[in-house]
Amino acid sequence: MTSELAELVLAFEDKSPEEILREAARRYPGRLTFATGFGVEGCVLIDFVGRHGLGIDLFTLDTGVLFEETYELWRRLEARYGLTIRAVRPPRTIEEQGADEGAALWTRNPDRCCELRKVQPLRAELAKFDAWITAVRRDQTAERANARIFEQDGKFGLVKVNPLVGWTTKDVWNYMVRNDVPYNPLHDQGYPSIGCRPCTSPVQAGEDPRAGRWRGEEKKECGLHVLPSFDAPARARNG
Ligand code: SF4
C-alpha cells in the first residue's frame, strides 16, 4: 500500500460511506467507477450516489443469465434515482459460449465460466479507470475479512474503494428500510446472496448466507474480490 493510501485508510476508517464516496470522487474525477451486482449493499451505494448527486460512473456485469428480478431492479433503480447503470457484457453471448465451450459451462467448470463472463469483462472495463468502488463488507466471507476502505487492488491494478467494509448486515438493512431503497424481491424468498440464475439457490435457516452460491461446489467467490491487498492485516472491524 502506498503511504498515500495508508494515510487515507487512517483518516477515513470512522467516516460515513457518503464521506468516503465524496473523497473518492474528489480524488479520481472522471476516473472512478462503481461496479454493482445489485446486492443490498450495492443498492445502498447507488442510493448514496443518486441521493447526493455524486456523479460517479456506474456499471454492472451483465452475464446474460441474471434473474429477471435483477433486471427489473436494475430498471427500478435507474428510474428512482435518474441514473444510468451501464451494462458491461462479455464478448460472447451464452449461446456463442455454448457453441465454443459446450452448453451450460457453469455446470462443468464454473471457474472458467466466471472468468469468461465476469473477470475478463471486468478487467477490460476497469482498465479505463484509476479507482473502483465495491460493495464488499468484511463480515461477508473469510476472503473479505481484511478489506480496507482504500486499498491497492492487486488483481486489477487500480485503487479499490470499499465504503461499506465496516457495516454489518443489520446496518445495511436498517439503512435500506429507513430510506426505502429498492431491493431485489428474491431477498424475501430465501436468497440472501444473488448472482447468476444457474448458480444461485435459496438457503435454509441457519445456513451461511452464501451457501446458495454455487451450491455443492467449493467455490464461494466469482474471482472478483479474492486476492488480498499487498499489505499488512487490516485494522479491527468497526461493525
Ligand atoms: Fe457462469 Fe455461474 Fe459464474 Fe455466472 S456465476 S458467470 S453462470 S459460473
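Tutor: Buried means under 20% relative accessible area, exposed means over 50%, and partly exposed lies in between. The model discussed here is predicted.

Student: Is alanine 87 buried, partly exposed or exposed?
Tutor: Alanine 87 sits in strand 3, which covers residues 86–88. Its relative accessibility is 33%. That value lies between the 20% and 50% limits, so the class of alanine 87 is partly exposed.

Student: Which residues does alanine 87 touch, leaving out those up to four places away in sequence?
Tutor: Alanine 87 and alanine 35 are 52 residues apart in sequence, and their C-alpha atoms are 9.9 Å apart in space. Alanine 35 is not in the list of contacts. With residues up to four places away left out, alanine 87 touches Thr60, Asp62 and Trp74.

Student: Which helix gives the largest share of the largest nonpolar core?
Tutor: That core has 65 residues, and those touching the most other members are Val44, Ile56, Leu77, Leu122, Ile133 and Phe150. The largest share is seven residues, and these come from residues 40–51, which is helix 3.

Student: Which residues is isoleucine 133 in contact with, beyond its neighbours within four places in sequence?
Tutor: Ile133 is among the core residues that touch the most other members, and so is Ile56. Ile56 is also one of the contacts of isoleucine 133. The full list is Leu21, Leu32, Thr33, Phe34, Ala35, Leu45, Ile56, Val161 and Pro163.

Student: Are helix 3 and helix 4 roughly parallel or roughly antiparallel?
Tutor: Helix 4 covers residues 68–81, and its axis is 10 Å from that of helix 3, at an angle of about 25°. An angle under 35 degrees meets the cut-off, so the arrangement of helix 3 and helix 4 is roughly parallel.

Student: How many nonpolar, polar and charged residues make the contact of helix 3 with helix 4?
Tutor: The crossing of these two helices is right-handed. Helix 3 brings Cys43, Ile46, Asp47, Gly50 and Arg51, and helix 4 brings Leu73, Leu77, Arg80 and Tyr81. By class, the contact has five nonpolar, one polar and three charged.

Student: Is helix 1 roughly parallel or roughly antiparallel to helix 2?
Tutor: Helix 1 (residues 3–12) and helix 2 (residues 17–27) have axes that come within 11 Å and cross at roughly 155°. Angles over 145 degrees fall in one class, so helix 1 relative to helix 2 is roughly antiparallel.

Student: How many charged residues are in the contact of helix 1 with helix 2?
Tutor: Helix 1 passes helix 2 in a right-handed crossing. The contact consists of Glu4, Leu8 and Phe12 from helix 1, with Glu19, Ile20, Glu23 and Arg27 from helix 2. Three of these residues are nonpolar and none is polar, while the number of charged residues is four.

Student: What is the arrangement of helix 5 relative to helix 7?
Tutor: The axes of helix 5 (residues 94–101) and helix 7 (residues 110–126) come within 12 Å and cross at roughly 135°. This angle is not over 145 degrees and is outside the 65 to 115 range, so helix 5 relative to helix 7 is oblique.

Student: Which residues does arginine 112 contact beyond its neighbours within four places in sequence?
Tutor: Arginine 112 is in helix 7 and, at 33% relative accessibility, is partly exposed. The contact of helix 5 with helix 7 includes both Glu101 and Arg112. Beyond its neighbours within four places, arginine 112 is in contact with Glu101 and Leu105.

Student: What is the phi of alanine 104?
Tutor: Most residues other than glycine have a negative phi. Alanine 104, in the loop between helix 5 and helix 6, has a positive value instead. Its relative accessibility of 28% makes alanine 104 partly exposed. The phi of alanine 104 is near 50°.

Student: Is aspartate 180 buried or exposed?
Tutor: Aspartate 180 has a positive phi of about 55° although it is not a glycine. It is placed in the segment after helix 8. Its relative accessibility is 57%, over the 50% limit, so aspartate 180 is exposed.

Student: How far apart in space are lysine 128 and leucine 32, C-alpha to C-alpha?
Tutor: Lysine 128 is in the loop between helix 7 and strand 4 and is partly exposed, with a relative accessible area of 47%. Lysine 128 and leucine 32 are 96 residues apart in sequence. In space, the C-alpha distance between them is 9.2 Å.

Methods: Residues are numbered from 1 along each chain as its sequence is written. This is a predicted model: local features need pLDDT of at least 70, side-chain atom pairs count only at pLDDT 80 or more; totals for chains, interfaces and linings use all residues. Side-chain values use heavy atoms; hydrogens and water are left out. A nonpolar core is a set of buried Ala, Val, Leu, Ile, Met, Phe, Trp, Tyr and Cys residues joined through side-chain atoms within 4.5 Å. Buried means under 20% relative accessible area, exposed over 50%, partly exposed in between (1.4 Å probe, protein chains only). Helices (H or I, at least four residues) and strands (E, at least two) are DSSP runs, numbered from the N terminus. Contact means heavy atoms within 4.5 Å. Axes are lines fitted to C-alpha atoms, for helices over the stretch in contact, and angles run from 0 to 180 degrees between N-to-C directions. A crossing is left-handed if the near helix is turned anticlockwise from the far one by less than a right angle, and right-handed if clockwise. Ala, Val, Leu, Ile, Met, Phe, Trp, Tyr, Cys and Pro count as nonpolar, Asp, Glu, Lys and Arg as charged, and the others, Gly among them, as polar.
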